[in-house]
Amino acid sequence: QVQLVESGGGLVQPGGSLRLSCVTSGSILSFSSMGWYRQAPGKQREMVASIVSGRITNYADSVKGRFTISRDNAKNTVFLQMNGLKPEDTAVYYCNALSVRNIYWGQGTQVTVSS
């Protein structure tokens, strides 16, 4: 059973930065893509950023230029560097991984942007 464990969330002031990490229990190379999603209260879960085949990145328009997704194969970890955080970035952030047959989710980590 594959497990994804997120960390790095917290409370930050507007304009601040956070770095989220997602560690996989299996080899990260077994996944065709990995990504970060978020869900704010009362809203649907939305894609924030994804990395496909280890190198092709995609971002939601709302985070382009502020967030960067990357991965470290040796550490089986995917990161989300978040800069210039805004109150509207407040949400639970979930790590996601896709293999040929399955989709996996982490338990989520809370990010709160507030002064």
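Asparagine 76 lies in the loop between strand E7 (67–72) and strand E8 (77–82); strands (E, at least two residues) and helices (H or I, at least four) are DSSP runs, numbered from the N terminus. Although asparagine 76 is not a glycine, its phi is positive, at about 50 degrees. The model that shows this loop is predicted, with local features needing pLDDT of at least 70, side-chain atom pairs counting only at pLDDT 80 or more, and totals for chains, interfaces and linings using all residues. Residues are numbered from 1 along each chain as its sequence is written, and side-chain values use heavy atoms, with hydrogens and water left out.

From this loop one may turn to the whole protein. Its secondary structure consists of 11 strands and zero helices, so the pattern read along the sequence is β-β-β-β-β-β-β-β-β-β-β. The radius of gyration of the protein is 13 Å, close to the 13 Å that the globule rule gives for 115 residues, so the protein is as compact as a globular protein of that length. Here the radius is taken over C-alpha atoms, and the rule is 2.2 Å times the number of residues to the power 0.38. The C-alpha trace spans about 40 × 25 × 25 Å along its principal axes.

Of the 115 residues, 41% count as buried. Buried means under 20% relative accessible area, exposed means over 50%, and partly exposed lies in between (1.4 Å probe, protein chains only). The protein exposes about 6,200 Å², and carbon and sulfur atoms supply 48% of this area; accessible areas come from the Shrake-Rupley method with a 1.4 Å probe, and for residues only the protein chains shown count as cover. Contact means heavy atoms within 4.5 Å. Among contacts between residues at least 6 apart in sequence, 52% join residues at least 24 apart.

Strand E8, which follows the loop of asparagine 76, contains phenylalanine 79. With a relative accessible area of 11%, phenylalanine 79 is buried. Leaving aside neighbours within four places in sequence, phenylalanine 79 is in contact with nine residues of the chain, namely Arg19, Leu20, Ser21, Trp36, Thr68, Ile69, Ser70, Arg71 and Asp72. The C-alpha atoms of phenylalanine 79 and cysteine 22 are separated by 6.3 Å, although the two residues are 57 apart along the chain.

Cysteine 22 leads to the disulfide. A disulfide is a covalent bond between the sulfur atoms of two cysteines, and is recognised here as a pair of cysteine sulfur atoms within 2.5 Å. The structure holds one disulfide. It is formed by cysteine 22 and cysteine 95, with their sulfur atoms 2.1 Å apart. Cysteine 22 lies in strand E3 (residues 18–24) and cysteine 95 in strand E9 (residues 91–98), so the pair ties together parts that are 73 residues apart in sequence. The torsion about the S-S bond of cysteine 22 and cysteine 95 is about -80 degrees, so the disulfide is left-handed. Both cysteine 22 and cysteine 95 are buried.

Tryptophan 36, one of the contacts of phenylalanine 79, has its place in strand E4. At a relative accessible area of 0%, tryptophan 36 is buried. Its C-alpha atom is separated by 16 Å from that of serine 17, which is 19 residues away along the chain.

The loop between strand E4 (33–39) and E5 holds arginine 45. Arginine 45 counts as partly exposed, at 33% relative accessibility. Leaving aside neighbours within four places in sequence, arginine 45 is in contact with Tyr37, Arg38, Gln39, Tyr94 and Trp105. Arginine 45 and valine 111 are 14 Å apart, C-alpha to C-alpha, and 66 residues apart in sequence.

Strand E5 (residues 46–52) includes serine 50. Serine 50 is buried, with a relative accessible area of 13%. Beyond neighbours within four places in sequence, the contacts of serine 50 are Met34, Gly35, Ile56, Thr57, Asn58 and Ile69.

Leucine 11, found in strand E2 (residues 10–12), counts as exposed at 65% relative accessibility. Its C-alpha atom and that of valine 111 are separated by 6.2 Å, with their positions 100 residues apart along the chain. Outside its neighbours within four places in sequence, leucine 11 is in contact with Thr112 and Ser114.
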